[in-house]
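This report describes selected elements of secondary structure and their packing. Please consult the sequence and model shown here alongside the text.

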Amino acid sequence: MSNMFTVGTLEGATTQLSAEEINALAASLRGQLLTPEAAGYDAARVIWNSMIDRHPGLIVRCAGVADVIQAVNFARTHELLLAVRGGGHNIAGNAVCDKGLLIDLSQMRSVRIDPENHTARVEPGCTLADFDHEAQAFGLATPLGINSTTGVAGLTLGGGFGWLSRKYGMTVDNLLSADVVTADGKLVHASKKQHPDLFWAIRGGGGNFGVVTSFEFQLHPVGPEVLSGLIVHPFEDAKEVLQFYRHYAHTLPDDTAVWVVLRKAPPLPFLPEEWHGREVVVLAACHIGDMAKGEKILEPLRRWGKPIADVIGPHPFVGWQKAFDPLLTPGARNYWKSHNFTELNDGAIDLMIDYVHRLPSPHTEIFLGQVGGQMERVGETETAYPHRDASFIMNVHARWETAAEDNDSIRWARAFFKDSAAYATGGVYVNFLTQDETERIQAAYGPNYDRLVEVKTKYDPDNLFRFNQNIKPSTVALH
């Protein structure tokens, strides 16, 4: 080990830490302390979006809550820039900082299911696949996302939505409590009865308030099989498909969701080879209720038009949760833009079609997640996540392979985002914000922003947890 270590500070400078200080931190941990020359350092700093290539000064790979407390105290004492990594799937790359201290929670992956009370205790390093695997052993689930490698922690702290959300609400609507290590190094239990202000804030306010070391979720009977799958249409029929979908989506009960993906067809085994690489409209359907009722509900969707393929049928829920994983593998370069919509009018549909004709990469897509249902029945100020009026959440997902494609892909995503703003609500899902969208943070929280500032000021007055879509405390914002 070197005698001195250079580590980044909160204010953007660097500080020198002695080997004695570093060794003392390492000795206090049950997990590992990685310095840049340590074995495993490079693997620990790699995250899902390969556009992010940052080099922390120190990485604490936590084995439990005590390690988190030690790391937070060390960062606060030395005024170090601090990043927190759960699953490492965040598009903005806030899971990893340059030069500062990285708290890596990826080794904390315990899931404990209580099948009698329909609850789960989940550690922050868990992925959706970890959670679903355990819960589905009992025919239970909670609303999560649509990519099984996503981390439960980041998904939850930003709000969380997926196939189950129309029936059971957002991920945060099913959060019962959480254990949080706050900026002063204390472990607090947050729920509706204990620290209710903190509990409100972490349900959509991101990682601004501390490090969550345990989540308690409400579970619901789901599966083990659901009626799900894809219907793929030629892109020449896109406008008619989307106009039909617009009407059909509003007829659906809460236990059915149909999402839309506009992209070039990947080489899926059920698609004729001549369609590979050509633009298509994909309707992704999931019905979590009675199979026979689901067949009747989805029958008009399956009967309409002349699809290239229809692979809707009974599938294990854990399998359906992994259906999009092959299109979202780590290692690619990704840049997102997002809008919320209450409706899809013809202008928005025409614009989508126009931009899909100009896709910059075969991996790029526009997807529309159908939400509403139970999500809409929660008041906009009941949780920190406010955008309960959205019927569709759009992700403009630019994805490509090489740095040489960066400019074209990012330019395409920004142009479509700008042109489609006229049809959107102005709100946005905070987990879809990229690192260059700090001006949209207030839009992400709408009427809840001022209250979030109050909670931030109470629990993190010095803004130790700032490497995120940051809500500045009033103690800092005034300077």
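## The four-stranded sheet

An open sheet is built from 4 strands in the order β3-β4-β6-β5, and its pairing is mixed. Strands (E, at least two residues) and helices (H or I, at least four) are DSSP runs, numbered from the N terminus; two strands pair if DSSP finds at least two bridges between them. The edges are occupied by β3 (32–34) and β5 (82–85), each with a single partner strand, so one side of each has no neighbour in the sheet. From one strand to the next, the twist averages 20°.

β5 pairs with β6 (residues 101–104) in the parallel sense over 4 bridges. Ala83 has Leu102 in β6 as its bridge partner.

## Basis of the model

The model is predicted: local features need pLDDT of at least 70, side-chain atom pairs count only at pLDDT 80 or more, and totals for chains, interfaces and linings use all residues. Residues are numbered from 1 along each chain as its sequence is written, and side-chain values use heavy atoms, with hydrogens and water left out.

## Helix α8 and its crossing with α11

The buried residues of α8 (under 20% relative accessible area, 1.4 Å probe, protein chains only) are Ala238, Val241, Leu242, Phe244, Tyr245, Tyr248 and Ala249. They lie on the same side of α8, because they cover an arc of only 160° around the axis, taken from the directions from the helix axis to the C-beta atoms.

The axes of α8 and α11 (residues 346–356) come within 10 Å and cross at roughly 140°. α8 is therefore oblique to α11, a term for angles that are not under 35 degrees, over 145 or from 65 to 115.

Terms used:
Buried means under 20% relative accessible area, exposed over 50%, partly exposed in between (1.4 Å probe, protein chains only). Axes are lines fitted to C-alpha atoms, for helices over the stretch in contact, and angles run from 0 to 180 degrees between N-to-C directions.
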